[in-house]
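Me: Please pick one part of this model and take a close look at it. I would like to know how it sits against its surroundings, in one connected account.

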Amino acid sequence: MALFSSLTPVFIAIICVLIGVIMKKMNGEKEKCDTKSERPSHPWVDEDLKDGTDHPLEEEEGEEEWQGLEENVAHVPFTGTSPSGAHTEPWTFVVVQDPYLKHKIREIVEEEEEINYKKRMGERWVNDLKRLRTNWIKEYLDTAPYLILIFKQVYGRLPNGKKKTHYYNEISVSIACGILLAALQNAGLYTVTSTPLNCGPQLRALLQRPANEKLLLLLPVGYPKKDATVPELTRKPLEDIMVVM
């Protein structure tokens, strides 16, 4: 190491390039094949929640580069806020109250949901929903005073335009949605969790959201009608869902 401390940075860089060239020639075609088969490991990607429209992370993100975050963050007394991977806050909440937009959302959702029920979901899924009396007609998308569409940001942007990694973006946004649901209930408002299958790209375009955002959840929010009813469902007993070690 003492030898390298006496060399100039330029000369060290030249040596590194030469070593790289030599190693590449020695490895030959094997290195090429290995390079093609290798994919960067991203353990923060929610593998179990991904689907075909997720945006793959690319090398240009500069995973080892500084991402514009503060090196030292002051610590203050705790207050309840929603956590996120590395505090990237990868969420966008779009609140829609315009009647025209709400109706366009309903048209998109109902068109896709009819296809879902008749073709995509399969007989078992449709039969499981029959007892709940759900179908592709979504009147509440017109009648609810507000629709909240929650988008996950699959990546962000750095000041230099490069992609910024959003760790565990789907899990982070899901936690935030859970807190939102609790807050709505605490405020005396009501909603129903809606995951409009195959509607994301159209709704993203309608609401003019950027390409790095993907629809995760749609919540109609308001007060219930006086004669509103819901299915009388039983919950699993505590011993079925909790294990104390």
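Reply: Helix α7 covers residues 169-186, and its 18 residues should span 26 Å at 1.5 Å a residue. The expected span is 1.5 Å times one less than the number of residues. The end C-alpha atoms of α7 are 26 Å apart, which agrees. Helices here are DSSP runs of H or I with at least four residues, strands are runs of E with at least two, and both are numbered from the N terminus.

The model is predicted, so local features need pLDDT of at least 70 and side-chain atom pairs count only at pLDDT 80 or more, while totals for chains, interfaces and linings use all residues. Residues are numbered from 1 along each chain as its sequence is written, and side-chain values use heavy atoms, with hydrogens and water left out.

The buried residues of α7 are Asn169, Glu170, Ser172, Val173, Ala176, Cys177, Leu180 and Leu184. They lie on the same side of α7, because they cover an arc of only 155° around the axis. The arc is taken from the directions between the helix axis and the C-beta atoms. Buried means under 20% relative accessible area, exposed means over 50%, and partly exposed is in between (1.4 Å probe, protein chains only). An α-helix has 3.6 residues a turn, so residues three or four places apart point the same way. On the other side of α7, Gln185 and Asn186 are exposed. Just after the helix, glycine 188 takes a positive phi of about 85°.

Among the elements that cover the buried residues of α7 are β1, β2, β5 (190-191) and β6. These four strands form an open, antiparallel sheet in the order β1-β2-β6-β5. Since β1 and β5 each have a single partner strand, they stand at the edges, and one side of each is left without a neighbour in the sheet. Strands pair if DSSP finds at least two bridges between them.

Going across the sheet, β1 (residues 91-96) pairs with β2 over six antiparallel bridges. Phenylalanine 93 has isoleucine 150 of β2 as its bridge partner. Eight antiparallel bridges then join β2 to β6 (residues 213-222). Here tyrosine 146 is bridged to valine 221, and leucine 149 to leucine 218. Two bridges connect β6 with β5, again antiparallel, and tyrosine 190 stands opposite glycine 222 in β6. The two inner strands are mostly covered: seven of the eight residues of β2 (146-153) are buried, as are 10 of the 10 residues of β6.

The nonpolar packing comes next. A nonpolar core is a set of buried Ala, Val, Leu, Ile, Met, Phe, Trp, Tyr and Cys residues joined through side-chain atoms within 4.5 Å. The largest has 15 residues, of which Val96, Ile105, Val109, Leu147, Leu149, Leu203 and Leu218 touch the most other members. Two or more of its residues come from each of β1, α4 (99-120), β2 and β6. A second, separate core of 12 residues includes Trp91 and, from the helix, Ala176, Leu180 and Leu184.

Cysteine 177 of α7 is buried at a relative accessible area of 4%, and cysteine 199 counts as buried because its relative accessibility is 0%. No disulfide, that is, no pair of cysteine sulfur atoms within 2.5 Å, is found in the whole structure: the search gives zero.

Last comes the loop between α3 (29-37) and β1, which holds serine 84 as well as proline 83. Serine 84 is buried, with a relative accessible area of 14%, whereas proline 83 is partly exposed at 45%. Contact means heavy atoms within 4.5 Å. Apart from residues up to four places away in sequence, serine 84 touches Glu89, Pro90, Trp91 and Ser172. With neighbours within four places set aside, proline 83 is in contact with Trp91, Ser172, Ile175 and Ile179. Proline 83 and serine 172 are 89 residues apart in sequence, and their C-alpha atoms are 6.7 Å apart in space.
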